[in-house]
Amino acid sequence: MTTAPPGFNYAKAYGIESVAGAVILAIVYVPLFALYIRQAILRPTYVFVVIALFCAVRIAAFVLRALLASVAEDGQNLNLFIAYEVLYNVGFFGLLYSAYTLVIDRGLISDAPLPNGPISRITRRRPIFRILLAAAVAVGITGVIESAVGTTQHTVDLGNTLRKVSLYMFLILCILVAFQTVILVRVTATHGTHKVSDGAFGARYGIYVLCLISLLLLTRQAFFVATANNAAKQNDENWWYPLAAVPELVSVVLFAVPGLVPSRAELPL
């Protein structure tokens, strides 16, 4: 924003007011972090490692959010506010990429032949997805910084535009995850089983859990895109918590469904 007056509270200006909500979520993510650290050790897979990192980032982000909401001096601290915004944006990279990786891995252990068309092949290329995710994060962080520290209206407008571009990029990537999930649903419905090493619920019915995770991520990102031109509604915690924070949390919990995440032994070399 353009130069703020002395004592300007960035947290309140951006709708950060609930201390209880931030504290509760920070606390809830602690056992989830411990759970996924344990899973990453006992059953090392990329998905568990990244989800554990996501939980750690969310703990840090919600601790900062609680400080911004509860301590007036912290709410007026621009650097602390930017740190929170950067952490929150970076964190979604891990959650979305974990969902994408899980869908692709489940496809690899499927007995069914996956579509071999150019679009399907391209959207299954992990390096391309990672590059697009990193670009979305970089654009979003740049937008956050420019809009927060910009000293001219032009710089602030540029920052806001970059933030919107980042939101749309993330939405497209969420749609790509949903697209791969739909493909997996179709081939599973046609050809049936997966190569599973156990009879756990997630191993047998994981496709339904994947659909729910994809829907939750789409809901989260659709909320941000739908309110991209209405900052007051986007930052309103009555909307933000149920449509942004809660879908993320539920998605993280769903990754813990037994047998959902394939072990390394199940994946082809």
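Analyst: A polar contact is a pair of N or O atoms within 3.5 Å, where one must be able to donate a hydrogen and the other to accept it. Keep that in mind as we go through this predicted model.

User: OK, what makes the side chain of Gln221 and the backbone oxygen of Leu167 a polar contact?

Analyst: That oxygen lies 3.0 Å from a polar atom of the Gln221 side chain. The limit is 3.5 Å, so the pair passes. Leu167 is also among the contacts of Gln221 beyond four places in sequence, along with Phe92, Phe170, Leu171 and Cys174.

User: Where is Gln221, and how do you know whether Gln221 is buried or exposed?

Analyst: Gln221 sits in helix α9. Its relative accessible area is 0%, and buried means under 20%, so Gln221 is buried.

User: What about Asn229: why does that one count as exposed?

Analyst: Asn229 comes out at 67% relative accessibility. The exposed label starts over 50%, so Asn229 earns it. You'll find Asn229 in the loop between α9 and α10 (231-235).

User: Which side chain does the side chain of Asn229 make a polar contact with?

Analyst: Lys164, at 2.7 Å. That's within 3.5 Å, so the distance fits the term. Along the chain the two are 65 residues apart, yet their C-alpha atoms are 8.5 Å apart in space.

User: On to rings. How many aromatic pairs are there in the whole structure?

Analyst: The search turns up 17. Take Tyr29 and Phe54: the ring centres are 6.1 Å apart and the planes are at 75 degrees. Centres have to lie within 6.5 Å to pair, and planes over 60 degrees count as edge-to-face, so this is an edge-to-face pair.

User: What does the pair of Tyr29 and Phe54 tie together?

Analyst: Tyr29 lies in helix α2 (residues 19-42) and Phe54 in helix α3 (residues 46-70), so the pair links parts that are 25 residues apart in sequence.

User: How do you know whether Tyr29 is buried or exposed? And Phe54?

Analyst: Tyr29 has 1% relative accessible area and Phe54 has 2%. Buried means under 20%, so Tyr29 is buried and Phe54 is too.

User: Which residues do ring pairs link into a cluster?

Analyst: Tyr29, Phe54, Phe62, Tyr84, Tyr88, Trp240 and Tyr241. Trp240 touches several of these, among its contacts being Phe62, Tyr84 and Tyr88, and the list also includes Arg65, Phe223 and Phe224.

User: Which residues touch the most other members of the largest nonpolar core?

Analyst: Tyr29, Tyr36, Phe62, Leu96, Trp240, Val252 and Phe255, out of 74 residues in that core. Helices supplying at least two core residues each include α2, α3, α8 and α9. The largest share, 15 residues, comes from α5.

User: What makes you say that Arg220 lies over the face of Phe92?

Analyst: Arg220 is 3.7 Å from the ring centre of Phe92 and lies over its face. The distance limit is 6 Å, so this one is within it. Lys233 over the face of Trp239 is another case, at 5.2 Å from the ring centre. That value is also within 6 Å, so the distance test is met there as well.

User: Why is Phe201 called partly exposed?

Analyst: Its relative accessible area is 45%. Buried means under 20% and exposed over 50%, so Phe201 falls in between. Phe201 is in helix α9 (residues 201-226). Its C-alpha is 7.5 Å from that of Leu260, although 59 residues separate them along the chain.

User: And how do you know whether Thr181 is buried or exposed?

Analyst: Thr181, in helix α8, has a relative accessible area of 2%. With the buried limit at under 20%, Thr181 is therefore buried. Its contacts beyond four places in sequence are Val103, Ile207, Leu210, Cys211 and Ser214.

User: Which residues does the UniProt annotation "transmembrane region" cover?

Analyst: According to the unreviewed entry, 20-37, 46-68, 80-100, 128-145, 165-185, 205-227 and 239-261. In the model, residues 20-37 are 100% helix, with end C-alpha atoms 26 Å apart. Residues 205-227 are 96% helix, and there the ends are 34 Å apart.

How values were computed: Residues are numbered from 1 along each chain as its sequence is written. This is a predicted model: local features need pLDDT of at least 70, side-chain atom pairs count only at pLDDT 80 or more; totals for chains, interfaces and linings use all residues. Side-chain values use heavy atoms; hydrogens and water are left out. Rings of Phe, Tyr and Trp (its six-membered ring) pair if their centres lie within 6.5 Å; planes under 30 degrees apart count as stacked, over 60 as edge-to-face and the rest as tilted. Helices (H or I, at least four residues) and strands (E, at least two) are DSSP runs, numbered from the N terminus. Buried means under 20% relative accessible area, exposed over 50%, partly exposed in between (1.4 Å probe, protein chains only). A charge sits over a ring if NZ of Lys or CZ of Arg is within 6 Å of the ring centre and within 35 degrees of the ring normal. UniProt positions are given in the numbering used here, feature names are shortened, and annotations may be inferred rather than shown by experiment. A nonpolar core is a set of buried Ala, Val, Leu, Ile, Met, Phe, Trp, Tyr and Cys residues joined through side-chain atoms within 4.5 Å. Contact means heavy atoms within 4.5 Å.
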